[in-house]
Amino acid sequence: MTEQTDDSGRLRHLLTLEGLPRATIARLLDRARALLPDAHGGTALRGILAGRAVCTLFFEPSTRTRSSFQLAATRLGADVVDFNAASSSARKGESDVDTLRTLEAMGVHAFVVRHAEDGAVAELAAAAGPGTALVNAGDGRNAHPTQGLLDMLALRQAKGDDFSRLKVLIVGDVRHSRVARSDLHALRALGAGEIRVCGPQSLLPDPVVTAGCVVTTDLDAALDGVDAVMMLRLQRERMVGGLVPSLEQYHRDYGLTTRRLRAAADGAVVLHPGPMNRGVEIDAEVADGPQSLVLRQVANGVAVRMAVLEEVLGAAG
Ligand code: CP
């Protein structure tokens, strides 16, 4: 496996949150919080990555992750190359590794990669030159580490830095979710008091993924007293076979409604990584309601990705 940290514990790549020490995750979150005031405008930080080049290499669609990495790199002064798989020579059969090496030869220093295959970003990291950094922007069902980080930042903002008393519930299509895997790694590393996982049996993952969690198929029971509810998108594009009877039935059993949310603790917050299937896993009233952190998560994405790019490119103080 490609090592993602160097001998001093600094990230060379960010491939997964699995196995990252609590101190590393906390450092990135602290740095992201410090960067937040400059994350949404201004030129104050443009010297940090001036002269460096970052390529967003996306083989799968994205709105949030791709745009926020581009903004993050721009805010830090890097040049940004936006690789579009659909209009690239990948369409003529060029391999992913040849694509990477071609762009590397042009002077790209960091690649932000989204790919449909589990492990594809780690494979590219293994093929990259020694000075090139890879950041996983989501690979298959495996990991989405910057989503995990921005979710943790949203939880910290809402509930404070000490997670030891928090009850956190993850709901929905856990089986297909790289977000759930990265959130679980981060919540464990940060010492969440209790982690619950809920979904239909057909969408629960291998028990190894949910080790140490309370796992249930009963959403109303799972919601009882939780401080945070992390809803997941029903990933229709990754499903084969009839894993849910119908979208209507799924909403009846697992859709988060205002009525259902009343079972959570006072002040409970709701997260969703987006894109949302409104009326399927979450009602619009909840998504747009006072307990929703959805747009806060999106806003955090720019600062978190600034912190990650700064670290993997060796510019962190
Ligand atoms: N949450 C997330 O990864 O969204 P995008 O697919 O739009 O990047």
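**View 1. The ligand sits in the largest pocket.** In this predicted model, the surroundings of the ligand are made up of Ser62, Thr63, Arg64, Thr65, Arg114, His144, Gln147, Pro273 and Gly274. When the residues of this shell are sorted by character, one counts as nonpolar, six count as polar and two count as charged.

**View 2. Polar atoms of Arg64 and His144 face oxygen atoms of the ligand.** For Arg64, the atom concerned is a backbone N or O atom, and the distance from this atom to an oxygen atom of the ligand is 2.9 Å. For His144, by contrast, the side chain supplies the polar atom, which lies 2.8 Å from an oxygen atom of the ligand. Of the 260 Å² of accessible area that the ligand has on its own, the protein covers 90%.

**View 3. The backbone of Pro273 meets a nitrogen atom of the ligand.** Here a backbone N or O atom of Pro273 is found 2.9 Å from that nitrogen atom. Gly274 also belongs to the residues that surround the ligand.

**View 4. The ligand lies between two domains.** The domain assignment divides the protein into domain 1, which comprises 22-144 + 301-312, and domain 2, which comprises 146-298. Because domain 1 and domain 2 both give residues to the shell around the ligand, the ligand lies between them.

**View 5. Domain 1 and domain 2 are in contact with each other.** The C-alpha centres of domain 1 and domain 2 are separated by 26 Å. In the contact of these domains, 29 residues come from domain 1, while 27 residues come from domain 2.

Technical notes: Residues are numbered from 1 along each chain as its sequence is written. This is a predicted model: local features need pLDDT of at least 70, side-chain atom pairs count only at pLDDT 80 or more; totals for chains, interfaces and linings use all residues. Side-chain values use heavy atoms; hydrogens and water are left out. A residue is near a molecule or strand if one of its heavy atoms lies within 4 Å of it. A polar contact is a pair of N or O atoms within 3.5 Å; within protein, one must be able to donate a hydrogen and the other to accept it, and residues adjacent in sequence count only if both atoms are side-chain atoms. Accessible areas come from the Shrake-Rupley method with a 1.4 Å probe; for residues, only the protein chains shown count as cover. On a 1 Å grid over the protein atoms alone, a cavity is a set of points where a 1.4 Å probe fits but cannot get out, and a pocket is an open set with protein on both sides within 12 Å along at least five of seven lines; lining residues have an atom within 4 Å of a point. A molecule sits in a cavity or pocket if more than half of its atoms lie within 2 Å of its grid points. Ala, Val, Leu, Ile, Met, Phe, Trp, Tyr, Cys and Pro count as nonpolar, Asp, Glu, Lys and Arg as charged, and the others, Gly among them, as polar. Domain bounds come from an automatic or database domain assignment. Contact means heavy atoms within 4.5 Å.
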